[in-house]
Amino acid sequence: MSENTSNTSNFIKHIVKEDLANGTHKEIITRFPPEPNGYLHIGHAKSIVLNFELAAEFNGKINLRFDDTNPLKEDQEYVDAIKEDISWLGYEWDNLHFASNYFEEMYSRAILLIKKRMAYVEDLSQEEIREYRGSLHEAGKESDSRSRSVEENLELFEKMKNGDFANGEKVLRAKIDMASPNINLRDPVIYRISHTEHHNTGNTWCIYPMYSFAHPLEDAIEGVTHSLCTLEFEDQRPLYDWVVEHSEIHATPRQYEFARLNLTNTVLSKRKLKQLVDENYVDGWDDPRMPTISGLRRRGFTAESIRTFAREIGVAKSDNLVDVRMLEHFLREDLKLKAPRTMAVLDPLKVVITNYPEGEVEWLDADNNPENEEMGTRKIPFSREIYIEKSDFMEDPPKKYFRLFPGNEVRLKHAYFIKCNEVIKDEDGNVVEIHCTYDPETKSGSGFTGRKVKGTLHFVEATQAKKAEYRLYHSLIEDEREGDSFLDFVNPDSLEITHGYVEANMDDAKPQDKFQFFRHGYFNVDSKHTTEDMLVFNRIVELKSSFKL
RNA sequence: AGGGCUAUAGCCAAGCGGUAAGGCAUCGGAUUUUGAUUCCGUGACCCGCAGGUUCGAAUCCUGCUAGCCCUGCCA
């Protein structure tokens, strides 16, 4: 990756630099630890970029580790999708691990804790455990199970493992402090029974470690030095350290917490995203309106723009709400020089150039990207009948409208000046066709300077035009709506479909090809809906515009 | 007397005792065969508030205030 990854500063880099400088570590190891229970989204991208680039910048290593300790929610489908998304983002992990590969090791560490009288099997029901835990304002109380002998605990824990108990009948708890002001330390459950098949270990286990016990062990086993997670785990840090210390794995991973990403007009919670998918608000995890990596990819966002975005938003500890326009900015910036510029009419209006010879087609020169000459030129057709954008004509325009209207002359991009002479309407009074005349002297590239026009319109020549479908996306979530559930904020009109024309030379456009459609924005050939006879384009983002009616 | 954390422009964010980086957005202006791009210009008499220490404070101390997180056998 050639991008400069070290020009930003954040508190985690400070910590790493210091750890390296004072010899705490010779080499750092980070990890990205997704639970395979859903698809990755742009919030994960923030964490991925942080962890991978931190390791790269300081010549360390990074592990991709699936935190698969709860078989009830996890699935191989998600493992595959997550790997694909990380690779697509442009990152390579040094090692691939699964928490489930450490189950045996974790089990033996749990036994060690029991032997050290630091863990015990609990008889209380889930409800009782909750009651005994106390509340934010009052201490918890100790359960009778707490004073069980080591031998009995060992025997019961083995029975748990052997499947002698039903789900929920027993749990293993760490013996810490039922009166701690930090509720996470009030004898947290570290193993539960779940007679569930695991995507990786099958039916080998019916007890599974809890995150708070498993995660620190995973980090310690792998020699992770800097374990980065989000703010809501701050209260768990004392427990994390407790597990590492008492499990006697001689490693000292440290947990650091940073603020998760929030984006305007977006939800970034796996639970909510899953709900949007399950309840058919969208067409799957990769729906172009979804903030998932796969959705952004299908929409047309580039990996580079997502990476740049993730770097530029920074990493800190204060809650934040980043404007989506920032993401869009980096997409435009990335595609500006990379995407060929072509003309597409999204909502066509026919124009007949009455003084242009019938049956004649001429081919005009058009550059593919004036800001990037290497992209070359192409020929585009021009003839008596063309399509322009419906919104580029107004019969009765306001002041400062410099597109087409009766009596006004405009430039057709790469072609000629045309002047509107006549408006054809149907019986309902709708404008169905415009009659114009062109001036042969004004041909583009001829150096004509006789007079100027204010507006330049894009067009598609009618006989060669290729039909296309456009999918114009609007925010899936609208922050300004009101409601209690996030579903009240879902925009029912987030997908707008139109049909129009693109240049004939788009014939060889393939899924995921990206273009700038003149005056419209950046578009991507949709990989799911495009067929042999119909190109379907996703609008990635619009061009910026200061035009107001 | 619950505990943990955060507070720098509309939104992100740097800053680590020496006199407020940068990006996004906004609004002007110039250039323009995209009302795009590009280019220039635009905002903190001040860093949540109030005191204090210091020659000097966004940075150190004290006290407030506001917001977020924590009572899953989720992660």
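How far apart do the C-alpha centres of domain 1 and domain 2 lie? The legends below start with that view.

**View 1. Chain A is assigned two domains.** The model is predicted. Domain 1 covers residues 11-258. Domain 2 covers residues 344-541. The C-alpha centres of domain 1 and domain 2 lie 55 Å apart.

**View 2. A nonpolar core lies between the two domains.** This is the largest nonpolar core, with 36 residues. I42, I48, I86, L263, F301 and F309 touch the most other members. Several elements give two or more residues to this core, among them the helices α2 (42-57), α3 (76-89), α10 (293-299) and α11 (303-312). Helix α12 is also on that list, as are strands β2 (61-66) and β25 (535-542). The largest share, six residues, comes from α2. Why is the core placed between the domains? Domain 1 and domain 2 both give residues to the core, so it lies between them.

**View 3. Residues of the protein surround RNA strand B.** There are 67 residues around the strand. R341, F402, R403, K413 and S444 come nearest. Which parts of the RNA face them? Of the atoms of RNA strand B that come within 4 Å of the protein, sugar and phosphate account for 65%. The residues of the surface near RNA strand B divide into 22 nonpolar, 23 polar and 22 charged.

**View 4. Side chains of S9, R133 and K336 meet phosphate oxygens of RNA strand B.** For S9, a side-chain N or O atom is 2.9 Å from a phosphate oxygen. For R133, the distance from a side-chain N or O atom to a phosphate oxygen is 3.0 Å. For K336, a polar side-chain atom lies 3.2 Å from a phosphate oxygen. Three elements give two or more residues to the surface near the strand: α5 (126-132), β6 (189-193) and α12 (324-338). Helix α12 gives the largest share, five residues.

**View 5. Strand β22 pairs with both β11 and β21.** Strand β22 spans residues 495-502. Strand β11, residues 344-345, pairs with β22 in the antiparallel sense over two bridges. Here A344 stands opposite V502. Strand β21, residues 466-473, also pairs with β22 in the antiparallel sense. How many bridges join β21 and β22? Eight bridges do. In this pair, K467 stands opposite Y501.

Key. Residues are numbered from 1 along each chain as its sequence is written. Chains are lettered from A and ligands numbered from 1 in the order in which they are written. This is a predicted model: local features need pLDDT of at least 70, side-chain atom pairs count only at pLDDT 80 or more; totals for chains, interfaces and linings use all residues. Side-chain values use heavy atoms; hydrogens and water are left out. A residue is near a molecule or strand if one of its heavy atoms lies within 4 Å of it. A polar contact is a pair of N or O atoms within 3.5 Å; within protein, one must be able to donate a hydrogen and the other to accept it, and residues adjacent in sequence count only if both atoms are side-chain atoms. Helices (H or I, at least four residues) and strands (E, at least two) are DSSP runs, numbered from the N terminus. Ala, Val, Leu, Ile, Met, Phe, Trp, Tyr, Cys and Pro count as nonpolar, Asp, Glu, Lys and Arg as charged, and the others, Gly among them, as polar. Domain bounds come from an automatic or database domain assignment. Two strands pair if DSSP finds at least two bridges between them. A nonpolar core is a set of buried Ala, Val, Leu, Ile, Met, Phe, Trp, Tyr and Cys residues joined through side-chain atoms within 4.5 Å. Buried means under 20% relative accessible area, exposed over 50%, partly exposed in between (1.4 Å probe, protein chains only).
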